[in-house]
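Trainee: Got a minute to walk through this fold with me? I'd like to start with the strands and then move on to the pocket.

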Amino acid sequence: MNAPKVSYLLLALCIAASCKKETQPLKTETSGTAAELYSSQAVLQTTHGLLVAKGGFDATAEQLDYADIKLTRLNIFLSEKTKSGVIDKYLKNGYHVQVNLNWANVAFGPQPFPTNIENVKKRAEEFFKYYAPQKDQIPVVVVENEWDNILYHKGSIDHYLNELAAITEVGHKYGFKIADAGITSTGLRRWAYTQFSEEEAAEWFEQYWVGGKLDNFNLLIKTVNYYTASIRNIPIDYLNVHWYNIDGCFDGFDKCTEAYKKAANKTSLICNEFGIKLNSEELFDATVNELSGKVAYAIAYSGTGTGDGKSAVRITERMLEGLRK
């Protein structure tokens, strides 16, 4: 199995016990929203969505309509604003939006997680209050993107956990469903390797790239273990993972995510980003089938890759048809 073309190195995180901040369980209740329409189907029936790289409203809407799906994914940067004209446009036109509620724009490099939690709560309050009348079209809000990706984030993981706890508390007050940032596909697979029996691990090693000590493997394992232990105390509605198939589909998604859910003591799962890195309609169909029935939402990423294994490929019309299932 070849190593991923894009290096997903681990965040330089503070995981020592002396650095840990206590994250207390939040006693929150959710009110009835259309998100429950989705969550009632969780695991039994997967709702598909589509995220189009550099697509714009018209191009994305055209593909959503072709695939006969309503759900897309859009982001907002809370440090800059608490509402989005782009999100509003999709909602006004009848589409559903999975909102990625990020703190800072990482377009120009990795950004630190916020440390002023009172400010985070204030900005989150403005966001959720504004979108509360349309929460039936926002089935889940995801806090940040790929918590273990140093191309996006830097600083202590405790800062992210505090941010997640704060936004979960505010979001639940307004009846929204919340998910965490999502672990990268590479990070999840490398961690999962350590959770299996010797025989299972050997088979996993043949199918997926897991790296070694030279790739900060031990630090990765410690950090994921720290993260899963900490997130047990945060009452998110969904645990989030990302999934990319590079060389083929080996049907390992269910096996590694079951281990991840158990470690985090969570029961409901979403995949708000999945894709393939080869121009293969068969591989895309296999990936869709691999996730179906395992997650409440699976959002396909239509990227700009050329099919050489380096980045997600653009989803074709034939592939879109597979999302109609």
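Trainee: Which residue stands opposite Val142 in β7?

Mentor: Ala179 does. Keep in mind that this is a predicted model.

Trainee: And how many bridges join β5 and β7?

Mentor: Two, and the pairing is parallel.

Trainee: What's the strand order in the open sheet?

Mentor: Reading across, you get β7-β5-β3-β2-β1-β10-β9-β8, which makes eight strands with parallel pairing.

Trainee: Why is one side of β7 and of β8 left without a neighbour?

Mentor: Because β7 (178–179) and β8 stand at the edges of the sheet, each has a single partner strand.

Trainee: Is β8 mostly covered or mostly open, then?

Mentor: Mostly covered: in β8, residues 239–245, seven of the seven residues are buried.

Trainee: Which way do the β8 side chains point?

Mentor: Leu239, Val241, Trp243 and Asn245 go one way, while Asn240, His242 and Tyr244 go the other, and all of them are buried. In a regular strand, side chains alternate between the two faces of the sheet.

Trainee: How does the chain get from β8 to β9?

Mentor: The chain passes through helix α9, residues 253–264, and this β-α-β crossover is right-handed. As for the strands themselves, β8 pairs with β9 (residues 269–276) in the parallel sense over six bridges. Asn240, for one, has Ile270 in β9 as its bridge partner.

Trainee: Anything odd about the backbone around there?

Mentor: Have a look at Asn265, in the loop between α9 and β9. Its phi is near 55 degrees, a positive value in a residue other than glycine. Asp68 has a positive phi too, near 60 degrees, and is likewise not a glycine. You'll find Asp68 in the loop between α2 and β2.

Trainee: Is Asp68 buried or exposed?

Mentor: Asp68 is exposed, because its relative accessibility is 66% and the cut-off for exposed is over 50%.

Trainee: Switching to loops with polar contacts. What does the side chain of Thr184 touch?

Mentor: The side chain of Asp148, through a polar contact of 2.7 Å. Those two residues are 36 apart in sequence, yet their C-alpha atoms are 6.7 Å apart in space. Thr184 lies in the loop between β7 and α6 (185–192), and at 1% relative accessibility Thr184 counts as buried.

Trainee: And Asn149, where is that?

Mentor: In the loop between β5 (141–143) and β6 (153–154). Asn149 is buried as well, with a relative accessible area of 0%. Its side chain makes a polar contact of 2.8 Å with the side chain of Glu146.

Trainee: OK, on to the pocket. How much space lies in the largest one?

Mentor: About 1,100 Å³. The lining takes in 42 residues, and the ones nearest the centre are Leu51, Arg73, Asn145, Tyr152 and Tyr301.

Trainee: Which elements give two or more residues to that lining?

Mentor: They are β1 (47–52), α2 (56–67), β2 (71–77), α3 (85–92) and β3 (96–102). β2 gives the most, with six residues.

Trainee: What does the lining look like by class?

Mentor: The largest pocket is lined by 19 nonpolar, 15 polar and eight charged residues.

Note on methods. Residues are numbered from 1 along each chain as its sequence is written. This is a predicted model: local features need pLDDT of at least 70, side-chain atom pairs count only at pLDDT 80 or more; totals for chains, interfaces and linings use all residues. Side-chain values use heavy atoms; hydrogens and water are left out. Helices (H or I, at least four residues) and strands (E, at least two) are DSSP runs, numbered from the N terminus. Buried means under 20% relative accessible area, exposed over 50%, partly exposed in between (1.4 Å probe, protein chains only). A polar contact is a pair of N or O atoms within 3.5 Å; within protein, one must be able to donate a hydrogen and the other to accept it, and residues adjacent in sequence count only if both atoms are side-chain atoms. Two strands pair if DSSP finds at least two bridges between them. A crossover is right-handed if, with the strands pointing away from the viewer, the path from the first strand over the helix to the second runs clockwise. On a 1 Å grid over the protein atoms alone, a cavity is a set of points where a 1.4 Å probe fits but cannot get out, and a pocket is an open set with protein on both sides within 12 Å along at least five of seven lines; lining residues have an atom within 4 Å of a point. Grid points are joined across faces, edges and corners, and a volume is the space filled by probe spheres set on the points. Ala, Val, Leu, Ile, Met, Phe, Trp, Tyr, Cys and Pro count as nonpolar, Asp, Glu, Lys and Arg as charged, and the others, Gly among them, as polar.
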